[in-house]
Amino acid sequence: MARVSLALWICACALLLVHSHCFYLPGVAPEDFFIGDELKVKVNKLTSTKTQLPYSFYSLPYCRPKNIVDSAENLGEVLRGDRIENSPYVFKMREPQMCKILCRITLDAKTAKEFKEKIDDEYRVNMILDNLPLVFPIQRPDQENSVVYQHGFHVGLRGQYAGSKEQKHFIHNHLAFTVKYHKDAQTDSARIVGFEVKPFSVKHEFGGEWKDTDTRLTTCDPHAKRLVTNSETPQEVEDKKDIIFTYDVEFQESDVKWASRWDTYLLMADDQIHWFSIVNSLMIVLFLSGMVAMIMLRTLYRDISKYNQLETQEEAQEETGWKLVHGDVFRPPANSDLLCVYVGTGVQFFGMILVTMIFAALGFLSPSNRGGLMTAMLLLWVFMGLFAGYSSARLYKMFKGTEWKKITLKTAFMFPAIVFAIFFVLNALIWGEKSSGAVPFGTMFALVFLWFGISVPLVFVGSYIGFKKPAIEDPVKTNKIPRQIPEQAWYMNPAFSILIGGILPFGAVFIELFFILTSIWLHQFYYIFGFLFIVFIILIVTCAEITIVLCYFQLCSEDYLWWWRSYLTSGSSALYLFLYAAFYFFTKLEITKPVSGVLYFGYMLIVSYAFFVLTGTIGFYACFWFTRLIYSSVKID
């Protein structure tokens, strides 16, 4: 069994390298349906790209079932604002229904206002059938026979009608569903492979008395398209207006197999852009690799050979460059405790992202498992606390620190406390807007338990193990009296070199960053983890190489204060990430509400802070390895 699993992993890795598209392992087991079997349609949150505030489906006075039942949700779904509930829609497998009445409601001033606000904010209704999200197919104007899918359907629309100059609100009260299924050749069973909808606004009329679902509508033709082609009167949203909700269900046989049913959802039409991003990033890496190779093979080799051949102390004193600062280069930096904390936190982040990305690229975190990605990231963050404590304690002991419990507490609490404080403020704002995106008290308690109950103890365990190990020995001895740093050229100014160092790592990822932001803030699927994994590797190499290059130039100018600068050099890419997020906000998003703007910049501040910790740690360890390598290669008298 172990050999089979290993073989599967090797094959998966090979496929990942060969193909640009990732495969995925479905998040649920397939379910077979026979003719007449009941299909359970569930409703999810209302979403809007203009407000970024999700709401429960039943926050609007839609038709309700007798009893509303909440579906069990994982931690990631709750944090995403998902609220999955049952619905009054009743489908029978492969039994078409035309103009099925759902219910009739009468609007009052309050409910009419609620509908109008949601229509103005372009809210969409999300539904689920057999774990497939409802999509609205849109024909691409630039390509024939090419369709893009929009998540859900709009609550309604605004426009002028019957020559009126006044903008009125119309609700989508008639839904034409299309359920696509793949039939089993051996049996009469079938599996659902598609769930689409076309919404219409129709002012329904009926003759005689209202008999609930048995009422005969005079405005409803068996062919739903007639509602559009005949320009029937749309259903206006106003006080004291009656709205009759109806739906059609059509079943279409499809050649798409159940295992491939997500392919249409995940189809990316921008492969060329992603490949351009990869090529662009690789060019940056090749340029930096050439510089590092030149430094390592030519300059350093020549320097080390020359230093090792010096015969007299007078000759050594005449030399300048990086060897002269050997007595100070491993002197503990100012605020060394804080550096240890940030490095430990960075290791925790690196482990979380690396493992998450590997599992995602191999398909274990497919979109069919809603909230799985976020749940996995949170749990991995918690368990990676072991490595955070170990890394910070090892570095702390190398700096001759003795109070390992103090450094452990800082590692366990500093970064999570800052993020939790920002998150708590943002959650309070969402709560004030009565949005379903607000994290409930129970979930907040679960997050605190994960932090205090699992993460903190693991950080202590890691620190204990790390501090018990022998201290890392420096390759050269440190002088008791610090050497004076000569005046530096303007281009070696710390602020200037740090800001310059962050440009290339950001440049290696900014194209992929656009798609990540689009998936988060424009509610689109992101499932190109193969590309993302390659970009992540490029980011690691870029951060390491730019830090090594600038660190070498700094040591050559006899400036030995490299500890913090190595961290900040690649970490400064987070500043460019936040600036790009601001640019994206003003150019791509249509957010108008102040609360939504605060939420956007608050969450992007958390993301940028995490990116700073991650890239800074990568740069630090690269420079740490580099300095130990070069100073252990020379003879020091």
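**Figure 1. The side chain of Ser201 reaches the backbone oxygen of Ile171 at 2.7 Å.** This close-up, like those that follow, is taken from a predicted model. The Ser201 side chain also reaches the backbone nitrogen of Gln235, at 2.9 Å. Ser201 sits in the loop between β12 (190–200) and α4 (226–229). Its relative accessibility is 15%, so Ser201 counts as buried; the cut-off for buried is under 20%. Leaving aside residues up to four places away in sequence, Ser201 touches Phe170, Ile171, His172 and Asn173, along with Thr233, Pro234 and Gln235. Ile171 and Gln235 thus appear among the contacts of Ser201, and each offers a backbone atom to its side chain: oxygen from Ile171, nitrogen from Gln235.

**Figure 2. Leu339 of helix α8 is shown with its contacts.** Helix α8 spans residues 336–361. Leu339 has a relative accessibility of 0% and therefore counts as buried. Its contacts, not counting residues up to four places away in sequence, are Pro333, Phe399, Trp563, Trp564, Tyr567 and Phe620. Trp564 is 225 residues from Leu339 along the chain, yet their C-alpha atoms are separated by 7.3 Å.

**Figure 3. Trp490 belongs to a nonpolar surface patch.** The patch covers about 540 Å². Trp490, Tyr491, Phe496, Ile500 and Ile503 make it up. Trp490 is placed in the loop between α12 (441–468) and α13 (494–501). At 63% relative accessibility, Trp490 counts as exposed. The cut-off for exposed is over 50%.

**Figure 4. Arg80 and Asp82 form a salt bridge within a network.** Their side chains meet at 3.0 Å, N to O. Which residues are linked in the network? Lys45, Arg80 and Asp82 are. Is Asp82 buried or exposed? Asp82 has 0% relative accessibility, so it counts as buried. Arg80 is partly exposed, with a relative accessible area of 38%. The bridge thus joins a partly exposed residue, Arg80, to a buried one, Asp82.

**Figure 5. Lys116 and Glu238 pair across the sequence.** Side chains of opposite charge can pair when their charged atoms come close. Here the side chains of Lys116 and Glu238 meet in a salt bridge of 3.1 Å, N to O. Lys116 lies in helix α3 (residues 109–120), while Glu238 lies in the loop between α4 and β13 (242–253), so the salt bridge ties together parts that are 122 residues apart in sequence. Lys116 is partly exposed, with a relative accessible area of 22%. Glu238 also counts as partly exposed, at 29% relative accessibility.

**Figure 6. Lys406 and Glu403 meet in a salt bridge.** The distance is 3.4 Å, N to O, between the two side chains. Lys406 counts as partly exposed at 36% relative accessibility. Glu403 is partly exposed as well, with a relative accessible area of 44%. In total, the structure holds 16 salt bridges. Among them are Lys406 with Glu403, Lys116 with Glu238 and Arg80 with Asp82.

Conventions: Residues numbered from 1 in each chain as written. Predicted model: local features only at pLDDT ≥ 70, side-chain atom pairs only at ≥ 80, totals over all residues. Heavy atoms only, no water. Helix = DSSP H or I, 4+ residues; strand = E, 2+ residues; numbered from the N terminus. Buried < 20%, exposed > 50% of the residue type's maximum accessible area, 1.4 Å probe, protein only. Polar contact = N/O pair within 3.5 Å; in protein donor to acceptor, adjacent residues only side chain to side chain. Contact = heavy atoms within 4.5 Å. Patch = residues over 30% accessible without salt bridge, like charges linked within 9 Å, V, L, I, M, F, W, Y side chains within 5 Å. Areas by Shrake-Rupley, 256 points an atom, 1.4 Å probe, with all protein chains shown as cover. Salt bridge = Lys/Arg side-chain N within 4 Å of Asp/Glu carboxyl O.
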